[in-house]
Amino acid sequence: MPDVVLASASPRRAAVLRMLGLSFSVVPADVEERRRPGEPPRRYVERLSRAKVRRVMAASPDTLVIGGDTVVAMDGRVLEKPRDGAEAVRMLSSLSGSEHRVYSGLALAADRRIVSNVAAARVIVRPLSREVIEAYVATGEPLDKAGAYGIQGRGASLVERIEGDYYAVVGLSVAAFVDLVPSVGFEYLPDGLAALPPPEGEGR
């Protein structure tokens, strides 16, 4: 099994990797998370995901580096992590009783190759009273999450339904991960990662 590095401090991404049975170290990537003028949300999260793995890519060909980024998009606006509780209240008030899209970028790097993909989901939020919003913000859960809610925590009570990739909303698409790993020379199996044999004619 290769050494695995998560280029993110996100506890949600770490939880997904642990759920998949992977052991890994965490090396948060220091990259500027700023959207370029007019940059579509899908392109933005993919660019940041690639920048993160590029920043911490290890020299060893046996190391797999994983990076991701997630944003909420609604009515042409991109909602990232709120700066404080007041901004979290404003974000949740705008999401209340409406739908939005979540875009989750994922990038993998190994042996100096980088591959990436973007998963998405449509999320419909229940109509929320001011009391519910303020009580949720008071828990502290929304403050480090794009769009100011966490679907895997108490924020699940705010959501009416999800259409699409649930794990994209969590922050790391399992389907995208399983689809991408062969492109960097590995295969995901329920008991861990295995190196794929080199293409015929190589490595002999």
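Are Phe-177 and Tyr-188 buried or exposed? Both of them are buried, and the close-ups below, all taken from a predicted model, start with the ring pairs.

**View 1. Phe-177 and Tyr-188, an aromatic pair out of solvent's reach by the numbers: both residues are buried.** The structure holds 2 aromatic pairs. In the one shown here, Phe-177 and Tyr-188 sit edge-to-face, with 6.4 Å from centre to centre and 65 degrees between the planes. This pair ties together distant parts of the chain: Phe-177 belongs to helix 6 (residues 174-180) and Tyr-188 to strand 8 (residues 186-189), 11 residues apart.

**View 2. Tyr-166 and Tyr-167, an aromatic pair of sequence neighbours.** A pair of rings is described by how far apart the centres are and by the angle of the planes. For Tyr-166 and Tyr-167 the centres are 5.1 Å apart and the planes stand at 80 degrees, so this pair is edge-to-face. Tyr-166 is partly exposed, at a relative accessible area of 34%. Tyr-167 is partly exposed as well, and its value is 27%.

**View 3. Helix 1 (residues 11-19) and its buried residues.** Arg-12, Arg-13, Ala-14, Val-16 and Leu-17 are the ones to look for, since each is listed as buried in helix 1. What do the buried residues of helix 1 pack against? Their partners are strand 1 (3-6), strand 3 (63-74), helix 5 (166-170) and helix 6. In an α-helix there are 3.6 residues a turn, so residues three or four places apart point the same way.

**View 4. The two ends of helix 1, with Ser-10 at the start and Gly-21 just after the helix.** At the start, a side-chain oxygen of Ser-10 comes to within 3.2 Å of the backbone nitrogen of Arg-12. Past the other end, Gly-21 adopts a positive phi of about 85 degrees.

**View 5. Arg-13, a buried arginine with no salt bridge.** This residue is part of helix 1. Which side chain of opposite charge is nearest to Arg-13? That would be Asp-69, at 5.0 Å; a salt bridge needs the side-chain nitrogen within 4 Å of a carboxyl oxygen, so the pair doesn't make the cut. The Arg-13 side chain does make a polar contact with the side chain of Thr-70, at 3.3 Å. Setting aside neighbours within four places in sequence, the contacts of Arg-13 are Leu-6, Ser-8, Gly-68, Asp-69, Thr-70, Gly-171 and Leu-172.

**View 6. Asp-75 and Arg-112, two loop residues with positive phi.** Most residues other than glycine have a negative phi. Asp-75 has a positive one, near 55 degrees, and lies in the loop between strand 3 and strand 4 (77-79). With a relative accessible area of 70%, Asp-75 is exposed. Where does Arg-112 sit? Look in the loop between strand 5 (99-110) and strand 6 (113-125). The phi of Arg-112 is near 65 degrees, again positive, and at 66% relative accessibility Arg-112 counts as exposed.

**View 7. Glu-87, a buried glutamate in helix 3 (residues 85-95).** Why does Glu-87 count as buried? Its relative accessibility is 14%, and the label applies under 20%, so Glu-87 qualifies. Leaving out neighbours within four places in sequence, Glu-87 is in contact with Lys-81 and Pro-82.

How values were computed
Residues numbered from 1 in each chain as written. Heavy atoms only, no water. Phe/Tyr/Trp six-rings, centres within 6.5 Å; stacked < 30°, edge-to-face > 60°. Buried < 20%, exposed > 50% of the residue type's maximum accessible area, 1.4 Å probe, protein only. Helix = DSSP H or I, 4+ residues; strand = E, 2+ residues; numbered from the N terminus. Contact = heavy atoms within 4.5 Å. Polar contact = N/O pair within 3.5 Å; in protein donor to acceptor, adjacent residues only side chain to side chain. Lys, Arg positive; Asp, Glu negative; His and termini not counted.
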